[in-house]
Amino acid sequence: MEKPVTAPSKQPETPSQPTAVTVEGRRRDHKIGLMFQYIARLRNRYFDKLVAPHDLTSAQVRVINLLLRQDSMSQVEIARILGIGTVAVSAQLDRMEKNGWVVRKPDPQDRRSNRVWLTEAGRAKKPVLEEGFAHLNDVAFAGLSDAEVAALVEALRKVRLNLENACQD
């Protein structure tokens, strides 16, 4: 069983070595966080290119994908899950409603809240999303063997689990 990651202690930085942290006695280059951010931005930028011909953005795709998994969510729930503000979600839903992809209706349990549903036009975007995700992954993983991709995915699952556990209150 793997030991949980403990709080890192910062090592002195010298010009000849990268900034690093020590975790349980192991030296780690913390620039991996920058790599995660850079990869996420590139994935979003490339995905925007893939879905633009279908009048979609990667931000809209995230909302559609979420509603495909669980329809009838409140705007607050969508914002929380996507990790963005409720004002940003509201503006996004305004555009999506204008395009006929979602509808908002008052929550029968809470009149201050709206619930969001995909329309048939919104559901019809599912094949575009699936094709876009598949193409994005093909491009991202080009040159990697199936075993390398599987090892990468498993390692990233462990990283995600470590961070999720660390964030729990």
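# Helix packing in a predicted model

Guide: In this chain, α3 and α4 are roughly perpendicular to each other. The model is a predicted one.

Visitor: At what angle do α3 and α4 pack?

Guide: The axes of α3 and α4 are 9 Å apart. Angles from 65 to 115 degrees count as roughly perpendicular, and the pair is placed in that class because its packing angle is about 110°.

Visitor: Which residues of α4 make that contact?

Guide: The crossing of α3 and α4 is right-handed. From α3 come Q75, V76, I78 and A79. Their partners in α4 are T86, V89, S90 and L93.

Visitor: How far apart are the end C-alpha atoms of helix α4?

Guide: Helix α4 runs over residues 86–98, which is 13 residues. At 1.5 Å a residue, a span of 18 Å should follow. The model agrees with this, as the end C-alpha atoms are apart by 18 Å.

Visitor: Around the axis of α4, how wide an arc do the buried residues cover?

Guide: The buried residues of α4 are V89, Q92, L93 and M96. They lie on the same side of α4, because around the axis they cover an arc of only 100°.

Visitor: Why can residues that are not neighbours in sequence share a side of a helix?

Guide: Residues three or four places apart point the same way. The reason is the number of residues in a turn of an α-helix, which is 3.6.

Visitor: Which exposed residues does the other face of α4 carry?

Guide: The buried side of α4 packs against α2, α3, β5 and β6. Exposed means a relative accessible area over 50%. On the face turned away from the buried side, the exposed residues are V87 and K98.

Visitor: Which residue with a positive phi follows α4?

Guide: The phi in question is near 80°. The residue that has this value and follows α4 is G100.

Visitor: Is T119 buried or exposed?

Guide: T119 sits in the loop between β6 and α5. Leaving out residues up to four places away in sequence, T119 touches G100, W101, V102 and V103. Its relative accessible area is 18%. The cut-off is under 20%, so T119 is buried.

Visitor: Which residues of α6 does α2 meet?

Guide: α2 and α6 pack at an angle of about 115°, with axes 11 Å apart. That makes the two roughly perpendicular, and α2 passes α6 in a left-handed crossing. On the α2 side the contact uses V61, I64, N65 and L68. On the α6 side they meet K126, L129 and F133.

Visitor: Within what arc do the buried residues of α6 fall?

Guide: In α6, the buried residues are V128, L129, G132 and L136. Their cover includes α1 and α2. They line one face of the helix, because seen down the axis they fall within an arc of 95°.

Visitor: Which exposed residues are on the face of α6 turned away from its buried side?

Guide: α6 has 15 residues and reaches 21 Å from first C-alpha to last. On the face turned away from the buried side, the exposed residues are E131 and D138.

Visitor: What share of the chain do buried residues make up?

Guide: The chain has seven helices and six strands. It has 169 residues, and the share made up by buried ones is 24%.

Definitions and conventions: Residues are numbered from 1 along each chain as its sequence is written. This is a predicted model: local features need pLDDT of at least 70, side-chain atom pairs count only at pLDDT 80 or more; totals for chains, interfaces and linings use all residues. Side-chain values use heavy atoms; hydrogens and water are left out. Helices (H or I, at least four residues) and strands (E, at least two) are DSSP runs, numbered from the N terminus. The expected span of a helix is 1.5 Å times one less than its number of residues. Buried means under 20% relative accessible area, exposed over 50%, partly exposed in between (1.4 Å probe, protein chains only). The arc is that of the directions from the helix axis to the C-beta atoms. Contact means heavy atoms within 4.5 Å. Axes are lines fitted to C-alpha atoms, for helices over the stretch in contact, and angles run from 0 to 180 degrees between N-to-C directions. Angles under 35 degrees count as roughly parallel, over 145 as roughly antiparallel, 65 to 115 as roughly perpendicular and the rest as oblique. A crossing is left-handed if the near helix is turned anticlockwise from the far one by less than a right angle, and right-handed if clockwise.
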